[in-house]
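Trainee: I've got a protein model open and no idea how to read it. Can you walk me through it?

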Amino acid sequence: MPGVMSRGGGRRRRSMNEINMVPFIDVMLVLLIIFMVTAPMITTGVVDLPSVGKARQRPSSVIEVVVAGDEKLKIKVDSGEPATIALPQLAARVREAQQGRDDVPVVISADRQVKYESVVRVMDTLQRAGVQRVGLSVRSGA
C-alpha cells in the first residue's frame with residue numbers, strides 16, 4: 001500500500017540550532033537574590049562599643065549629678081555633700097562648679113529604676129549649656 005506510512009518512519013530528529021536561555025536566566029536570578037540577601041550581612045559595623053569591665057577609674061576632680069529613684073536631682077562636687085537641685089538650675093550650677101575649666105568631667109549616676117527619659121533630659125540640659133564632658137556612671141561587672 002503506497003498511501004500508508006508507518007507512524008515513526010517519516011519523522012527525523014531536528015538538530016538544535018539555538019540555546020535555551022530560560023534555565024540560564026533562572027540561575028542568574030537566584031544568584032542575584034542570594035547576593036542581595038547576604039551582602040548586608042557581610043559588612044562589618046564601625047561602632048566599637050566599650051566594655052563595662054574595662055572602665056577606667058574616675059578622675060580626681062569630678063562633678064556628679066545623681067538622679068535618685070524618685071527622679072530628684074542632687075549635685076555632688078569632688079566627693080562633697082550632695083545638694084538637691086532642680087533641673088532648670090542644674091546647668092548653671094554645673095558651669096559654676098567647673099569654674100571655667102571645661103576639662104572637669106560631669107558624671108551622671110542614675111538609679112536602676114529611673115526612667116531612661118529622665119537621664120536623657122539631664123544629659124540634654126547639660127549639653128545645651130555647653131558642658132563638654134558628660135558621662136554615665138556604671139558599676140564594674142565581676
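Mentor: Sure, we'll go feature by feature, with the general idea before the case here.

Trainee: What kind of model is this, and how are its residues numbered?

Mentor: This is a predicted model, where local features need pLDDT of at least 70, side-chain atom pairs count only at pLDDT 80 or more, and totals for chains, interfaces and linings use all residues. Residues are numbered from 1 along each chain as its sequence is written, and side-chain values use heavy atoms, with hydrogens and water left out.

Trainee: What is the mean pLDDT of the chain?

Mentor: The general idea first: pLDDT is the predictor's confidence in each residue, from 0 to 100. Here the chain has a mean of 76, and 73% of its residues reach 70 or more. Confidence is highest in helix H1 (residues 22–42), at 90, and lowest in strand E5 (residues 134–136), at a mean of 81.

Trainee: Over which residues does pLDDT stay under 50?

Mentor: That happens over residues 45–51, and the model has 0 contacts for them beyond four places in sequence. Contact means heavy atoms within 4.5 Å. Where pLDDT is low, the predicted coordinates should not be read in detail.

Trainee: Okay, next: how many helices and strands are there?

Mentor: Helices (H or I, at least four residues) and strands (E, at least two) are DSSP runs, numbered from the N terminus. This chain has 3 helices and 5 strands. Read from the N terminus, their order is α-β-β-β-α-β-α-β.

Trainee: In what sense do E1 and E2 pair?

Mentor: Two strands pair if DSSP finds at least two bridges between them. E1 and E2 do that in the antiparallel sense, over 5 bridges. To see one of the bridges, find Val65, whose partner in E2 is Ile75. The hairpin of these two strands has 5 residues between them, and Glu71 there takes a positive phi near 65 degrees.

Trainee: And in what sense do E1 and E4 pair?

Mentor: Those two run in the parallel sense, again with 5 bridges. Look for Val67, which stands opposite Ala110 in E4.

Trainee: Is E1 mostly covered or mostly open?

Mentor: Buried means under 20% relative accessible area, exposed over 50%, and partly exposed in between (1.4 Å probe, protein chains only). E1 is mostly covered, with 4 of its 5 residues buried. Across the chain's 142 residues, 19% are buried.

Trainee: Which residues have the most contacts inside the largest nonpolar core?

Mentor: In soluble globular proteins, nonpolar side chains tend to be buried together. A nonpolar core is a set of buried Ala, Val, Leu, Ile, Met, Phe, Trp, Tyr and Cys residues joined through side-chain atoms within 4.5 Å. The largest one here has 18 residues, and Leu90, Val94, Val122 and Leu126 have the most contacts inside it. Strand E1 (63–67), strand E2 (73–77), H2, strand E4 (106–110) and H3 each give two or more residues to this core.

Trainee: What is Leu126 in contact with?

Mentor: Leaving aside neighbours within four places in sequence, Leu126 is in contact with Leu90, Ala91, Val94, Val106, Ile108, Val131 and Val134.

Trainee: Where is Leu136, and what does it touch?

Mentor: Leu136 is in strand E5. Not counting residues up to four places away in sequence, Leu136 touches Val107, Ile108, Val119 and Met123. Its C-alpha atom is 6.2 Å from that of Ser109, though the two residues are 27 apart along the chain.

Trainee: Last topic: how many salt bridges does the structure hold?

Mentor: Side chains of opposite charge can pair when their charged atoms come close. A salt bridge is a side-chain nitrogen of Lys or Arg within 4 Å of a carboxyl oxygen of Asp or Glu. The structure holds 4 of them. One of these joins Arg93 and Glu96 at 3.7 Å, N to O. Both residues lie in helix H2 (residues 87–98), 3 residues apart, about one turn of the helix.

Trainee: Are Arg93 and Glu96 buried or exposed?

Mentor: Arg93 is partly exposed, at 30% relative accessible area, while Glu96 is exposed, at 55%.

Trainee: Which side chain does Glu117 meet in a salt bridge?

Mentor: Glu117 meets Arg121, at 3.3 Å, N to O. The two lie in helix H3 (residues 116–128), 4 residues apart, about one turn of the helix. Glu117 is exposed, with a relative accessible area of 51%, and Arg121 is partly exposed, with 38%.
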